[in-house]
Amino acid sequence: MVFLSRQVYGRLHRLRKMHEGITHPDRTNKKNFIFRMTWHFYGRRRNCYTIAIRAAQKMLQRASKNRHQKKINMKALWVQRITAALQEHQFEYTPFMSVLSEADVQLNRKVLHDICIYEPRTFQSLVEFAKQRYNEMGLYDAVAPVPPGIMTRSMSWYKKGLFTGSALPDWCVLYIWS
Amino acid sequence: MAHNRVVQWSTMSRIWWLYDAKYQCPFRSARIIAGYLQGQHKPIYHALSDVGDHVVVINSRHIAMREELWRTFTFSYHTGYAKGFSRTPAWRLHSMEPTMMIEKAVYSNMPGFLLRRKYMRRLHIYPDEEVPPEIIGNVCDQIQQIQKVPKRLDEYTAEEIQAFPKLFDWSEEYVIENISADKPKDTVKAAKK
């Protein structure tokens, strides 16, 4: 007889053994269920059942968990890209998003990051609108940067810019070694 | 129409940035420079796609640190062999190698992934303003300095001092005491003489 695959030969061999009296159940289908998931794994994880079943279980657990994690990762990437595009227009992420939400602009981060890559002029107009709106809001007056030449004791580092991360206060002295 | 198509090709190009580190804090500069090397300033950023740019840092000899950091801040290194641990204060390392402080700061500011050394090869640091022509010829844009460098009093021109608004001035009859002339003289020395 000509056998087209090892598995088929093995199954016939086992069936013959069954008829001869050794009553082991045929586990081929059960094992194939796992091997169909692990055919592209490395080494014994694709050929040996006891190792493959552990690898397959881990793979399925990770796939389940990462369906939630993927959404988190994608959102972080969108936020990063929007922040980068806003830096080109000298604006920041938090005021931009807060202004858009208060103005009832229903654009989520997924759409915004697409706009900032593929529609730069549209994004620029959005940023201009947000900047104007931000200047009209009440918080701007409280945290507006102080004009140079005026010393203030209160909120000095906060007033340096819109939420920029310059942590050194004005009175800090720097030394050079050269 | 053709013009718009060409404008978008330059999105994928690798840009050479210039950064002047004169009187700047090396650690805070390094955070910005590491971001540019990874391409985090671009809207097309992704960690796996290599969108990082080149950064040329000049005047790294003239960086500034606050308070006693030149004396107290130490760089540690272990060679891996026995008795291979050494600690060098910042002033000493900077005297020996004026480019090393920025290099170390940028390296530690980047995440510890496999692309870090590849990105570090795109960082070119020079102690003074002398940069080879093949490097300076590539530079297209400049990163803004972290700290505004204040003007020294002797750097103000006479016209600027004249033009600066004055609230009031002493009248000519008012006598301003000469502080150096009124220094309390050493009475013991005077008595000995």
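Reader: In which sense do strand β1 and strand β2 of chain B pair, and over how many bridges?

Author: The model is a predicted one, and in it strand β1 (residues 16–20) of chain B pairs with strand β2 (residues 54–58) of chain B in the parallel sense, over five bridges. To follow one of these pairings residue by residue, take Tyr19(B), whose bridge partner in β2(B) is Val57(B).

Reader: Which strands make up the sheet of chain B, and in what order?

Author: A sheet is read by the order of its strands in space, and here four strands of chain B form an open sheet in the order β6-β2-β1-β7, with parallel pairing. The edges are held by β6 (123–125) and β7 (141–142) of chain B, each of which has a single partner strand, so one side of each is left without a neighbour in the sheet.

Reader: Which strands of chain B does helix α2 lie across, and at what angle does the helix run to β2(B)?

Author: Helix α2 (residues 26–38) of chain B lies across β1, β2 and β6 of that chain, and the helix runs at about 150° to β2(B).

Reader: Turning to the aromatic rings, how many aromatic pairs are there over all chains?

Author: The count comes to 10 aromatic pairs over all chains. One of them joins Phe96(A) and Phe123(A), a tilted pair with 5.8 Å centre to centre and 55° between the planes. This pair links distant parts of the chain, since Phe96(A) belongs to helix α5 (residues 93–102) of chain A and Phe123(A) to helix α7 (residues 120–136) of chain A, 27 residues apart.

Reader: Are Phe96(A) and Phe123(A) buried or exposed?

Author: With a cut-off of under 20% relative accessible area for buried, Phe96(A) is buried at 0%, and Phe123(A) is buried at 1%. In chain B, the rings of Phe113(B) and Tyr119(B) have centres 5.8 Å apart and planes at 55°, so that pair is tilted. Here Phe113(B) counts as partly exposed at 28% relative accessibility, whereas Tyr119(B) is buried, with a relative accessible area of 2%.

Reader: Which residues do ring pairs link into a cluster?

Author: Ring pairs link Phe91(A), Phe96(A), Phe123(A) and Tyr134(A) into a cluster.

Reader: Which residue lies over the face of Tyr107(B), and which over the face of Tyr156(B)?

Author: Arg116(B) lies over the face of Tyr107(B), at 3.9 Å from the ring centre, while Lys151(B) lies over the face of Tyr156(B), at 4.9 Å from the ring centre.

Terms used:
Residues numbered from 1 in each chain as written. Chains lettered and ligands numbered in written order. Predicted model: local features only at pLDDT ≥ 70, side-chain atom pairs only at ≥ 80, totals over all residues. Heavy atoms only, no water. Pairing = 2+ DSSP bridges. Helix = DSSP H or I, 4+ residues; strand = E, 2+ residues; numbered from the N terminus. Contact = heavy atoms within 4.5 Å. Axes fitted to C-alpha atoms, helices over the stretch in contact; angles between N-to-C directions. Phe/Tyr/Trp six-rings, centres within 6.5 Å; stacked < 30°, edge-to-face > 60°. Buried < 20%, exposed > 50% of the residue type's maximum accessible area, 1.4 Å probe, protein only. Lys NZ or Arg CZ within 6 Å of the ring centre and 35° of its normal.
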